[in-house]
Structures are given as structure tokens and as C-alpha cells.
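Here is a short briefing to read alongside the model. Have the viewer open and follow along as we go from one topic to the next.

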Amino acid sequence: MLSVCMQCGTCSASCTSRQSFNLRKLILNLNLTGNDLSDSIWDCTTCLTCQTRCPRGIPLTEIIVDSRKEFVETGRIPSEIRDMLDSIYKHKNPFGEGKYKRKKFIEDIKKKFDVSDISEYYWFIGCVSSYESRSMEVVEKTARIFKDIGIDFSVDADEGCCGNEAMVLGEEGLFELLKEENEMFFKERGVEKVIASSPHCYNAFKKYYGLEVLTPVEVIYKAIKEGTLEFKYDVDARVTYHDPCYLGRYNGIYDAPREVIKSVYNVEFVEMQRIRENSYCCGGGSGNFLRESRANVQRVREALSTNADILVVSCPICLIMLEDAVKTLNSDLAVMDVVELVHLAMYGY
């Protein structure tokens with residue numbers, strides 16, 4: 001497939017990681033010399049932009065993932081990537097933290113919101129939302145909203161990792177192990193419908209597991225349309241929205257988050273320059289939320305150009321990446337998950 005590349009440079013011009021990862025140059029070198037792709041492929045966030053924009057239709061992201069599989073087999077892995085994969089295998093999360101933290105957090109959610117063991121939906125909270133404090137706040141607000149609008153959901157403290165990052169990092173064997181464990185987990189609990197907090201988990205369950213899966217923003221949007229969710233407070237703010245790669249380009253969910261934002265009383269909604277399928281990545285995909293990134297700062301600068309008060313996201317990875325960038329720029333821009341905006345309009349905080 002790479003032999004049909006015409007060296008137009010669209011991939012490199014579009015790349016989130018172009019400061020350290022020149023895909024056009026790598027393809028040229030491969031076609032001229034036959035050498036494989038270089039170690040810089042680990043900087044790819046698998047945002048899918050290069051693949052969707054390539055005028056020759058080359059599946060560039062898929063080729064990068066396949067190359068990573070070969071690198072994994074031969075042991076050519078950066079130490080931080082190796083540690084991440086090792087943690088996923090041992091602890092079922094990429095952070096190197098024990099399972100007890102997730103277990104305690106989910107048990108607390110279950111007790112606080114009186115969550116049943118048997119339900120219509122199993123809510124898969126995911127790694128980032130179980131270990132990162134900022135995303136954990138979103139989980140609590142999501143649970144409160146779900147209970148108040150009558151969503152019949154369950155959670156389980158023995159939840160593991162969906163395996164999406166293991167797959168895109170090329171550790172196919174680890175992904176298959178996690179998939180087998182999760183499928184057994186769902187089968188034992190009679191799970192047929194899943195709500196996934198993270199678009200990365202959503203993508204794995206939809207594409208690799210074949211499950212019926214929803215995101216929280218879809219659940220909330222449906223409740224708004226059906227009239228089971230009502231707002232009581234105005235949110236007098238100028239708001240812009242960032243499209244997560246795994247929600248947007250991978251799965252085509254663009255309208256639901258925007259409609260939820262627009263439905264909040266008194267919100268002034270403004271778009272950034274790059275939106276929907278042309279959205280710019282936060283820089284955190286493919287495990288890069290645990291590595292250095294510059295893309296998040298660039299994306300926040302784009303948000304600041306809209307003069308928005310609030311930057312809304314619908315992904316726990318985007319939330320922590322863009323909030324870190326706001327701190328780096330010493331800006332007062334608020335970064336909120338769309339669930340938090342809804343919570344603010346429902347409860348006033």
C-alpha cells in the first residue's frame with residue numbers, strides 16, 4: 001500500500017505529533033531503502049487524521065499499528081511503553097497502581113448511589129476514570145445524573161481494562177487476554193448492554209467485542225429528547241467543544257455532545273476552527289497521556305481564540321490532557337466534561 005504514496009505531505013501536515021514524527025519522510029525512506037518504520041512511530045497518537053485525509057486511501061494508522069506489533073515481537077519498545085503494557089498486564093491499568101484503588105473507588109460509587117448488581121446496562125467506568133482524580137469527579141456526577149433520570153445501571157469493583165491501548169500499541173496478545181477476561185466477566189454477570197465512560201473503551205467494545213454500547217453523552221442526549229432530564233439552572237457562559245478522536249473520527253459521534261451543550265439554558269456555543277472530522281487531537285491517544293505532548297497546548301490555544309469561558313470535552317483522556325495544557329499556558333479557561341456541564345445546569349454546581 002505504501003508504494004502508491006505520492007509524497008504529497010498531507011499526512012505530515014495533519015499529524016498531531018509532527019514535531020517528532022515525520023510520517024512522509026518515513027514512508028519515503030521505506031519505499032527507497034526497504035527499511036522498516038523508525039522507532040518514532042510510538043509518538044503516533046492513532047488519531048486517524050492521516051488515514052482519513054490521505055488522497056490515495058492508504059490505511060496509514062493501521063500500518064503504524066501493524067508495525068508496532070512487529071516491534072513488540074522483537075522487543076524494540078521504549079521503556080515507558082514497556083512499563084505501561086506491563087502494568088496493564090499485572091494491574092489491569094496503565095498507571096502502575098494497584099487494583100485496590102479502582103476496587104475501592106467503584107465500591108464507594110456503588111454504596112453512595114445504591115447501585116444494584118443486576119441491571120439493564122453495565123456501566124464500564126474504565127482505567128482513566130478509576131485512577132485519575134479529575135476524571136473520578138466526572139464519574140460521581142455521571143452516577144448522580146443516571147440515578148435521577150432513571151437509568152438502570154450496575155457497576156462492579158472487579159472491572160478490568162478494556163484493552164484498547166494495548167491493541168493500538170501493538171500488544172495483540174495482551175489485548176486478546178484482556179478481551180477473553182472481559183467477555184467472561186460480562187457473561188458471568190449477564191451483561192448485554194454497556195455504557196462506556198471513555199470513547200477508547202467504547203471503541204474497543206464496539207469494534208473488537210461486538211457489544212451494544214453507548215457513551216454517557218448519548219444516554220443524556222436521549223433523556224433530554226424524551227423529557228426525563230430537566231435543567232433548573234442557567235449557565236451564563238460562552239462554550240466551545242473539542243471532538244475526541246475515538247468518539248468522532250473513529251465512531252462518528254459528533255452531534256450528540258453539541259446538542260446537549262446547546263440545550264443548556266443561556267449557553268452561547270461557539271466552534272473552534274478545526275472541528276468534527278477535522279478536529280485536532282489532544283495528544284493523549286495510544287498511551288501518550290503518560291508521555292510528553294505538545295498537541296494539547298496547541299489545541300487549547302485554538303480554544304482560547306474563540307474567547308470561550310469553558311472548553312467542553314467528552315473523553316477522560318482529553319479532559320486531563322487539555323486541563324494540563326491550560327495550566328501550562330496559565331490560562332483561566334475552564335475545562336469540563338459535557339457531563340459536568342449538564343450537572344451544573346441540573347444542580348447548580
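In which sense do strand β1 and strand β3 pair, and over how many bridges? They pair in the parallel sense, over three bridges, with β1 covering residues 121–124 and β3 covering residues 193–196. Please keep in mind that this is a predicted model. The points below start with the sheet around that pair, move on to the whole chain, and end at a small group of buried residues.

**The sheet**

- β1 and β3 belong to an open sheet of four strands, whose order is β2-β1-β3-β4 and whose pairing is parallel.
- The edges of this sheet are β2 (153–154) and β4, each of which pairs on one side only.
- To find the register between β1 and β3, look for Tyr-122, whose bridge partner in β3 is Val-194.
- β3 also pairs with β4 (residues 212–214), again in the parallel sense and over three bridges.
- For that second pairing, a handy marker is Lys-193, which has Glu-212 in β4 as its bridge partner.

**The chain as a whole**

- In total, the protein chain has 16 helices and eight strands.
- A compact globule of 349 residues would have a radius of gyration near 20 Å, and the protein chain agrees with this because its own value is 20 Å.
- If you are setting up a box, the C-alpha trace spans about 65 × 50 × 35 Å along its principal axes.
- Of the 349 residues in the protein chain, 58% are buried.
- Among contacts with a separation of 6 or more, 74% join residues that are 24 or more positions apart.

**Surface and charge**

- The protein chain exposes about 15,100 Å², and 46% of that area comes from carbon and sulfur atoms.
- There are 43 positive and 53 negative charges in the protein chain, and the mean positions of the two sets lie 3 Å apart.

**Two positive phi angles in one loop**

- Thr-46 sits in the loop between α2 (23–33) and α3 (49–53), and Leu-48 lies in the loop between α2 and α3 as well.
- Thr-46 is not a glycine, yet its phi is positive, near 50 degrees.
- Leu-48, also a residue other than glycine, has a positive phi of about 80 degrees.
- Is Thr-46 buried or exposed? Its relative accessibility is 0%, so Thr-46 counts as buried.
- Leu-48 counts as buried too, because its relative accessibility is 11% and the cut-off for buried is under 20%.

**Thr-61 and its contacts**

- Which residues does Thr-61 touch, leaving aside those up to four places away in sequence? They are Thr-46, Leu-48, Cys-50, Gln-51 and Tyr-250.
- Thr-61 itself lies in helix α4, which runs over residues 60–74.
- With a relative accessible area of 4%, Thr-61 is buried.
- The contacts of Thr-61 thus include Thr-46 and Leu-48, the residues with positive phi values near 50 degrees for Thr-46 and about 80 degrees for Leu-48.

Note on methods. Residues are numbered from 1 along each chain as its sequence is written. This is a predicted model: local features need pLDDT of at least 70, side-chain atom pairs count only at pLDDT 80 or more; totals for chains, interfaces and linings use all residues. Side-chain values use heavy atoms; hydrogens and water are left out. The radius of gyration is taken over C-alpha atoms; the globule rule is 2.2 Å times the number of residues to the power 0.38. Buried means under 20% relative accessible area, exposed over 50%, partly exposed in between (1.4 Å probe, protein chains only). Contact means heavy atoms within 4.5 Å. Accessible areas come from the Shrake-Rupley method with a 1.4 Å probe; for residues, only the protein chains shown count as cover. Lys and Arg count as positive and Asp and Glu as negative; His and the chain ends are not counted. The place of a charge is taken as NZ of Lys, CZ of Arg, CG of Asp or CD of Glu. Two strands pair if DSSP finds at least two bridges between them.
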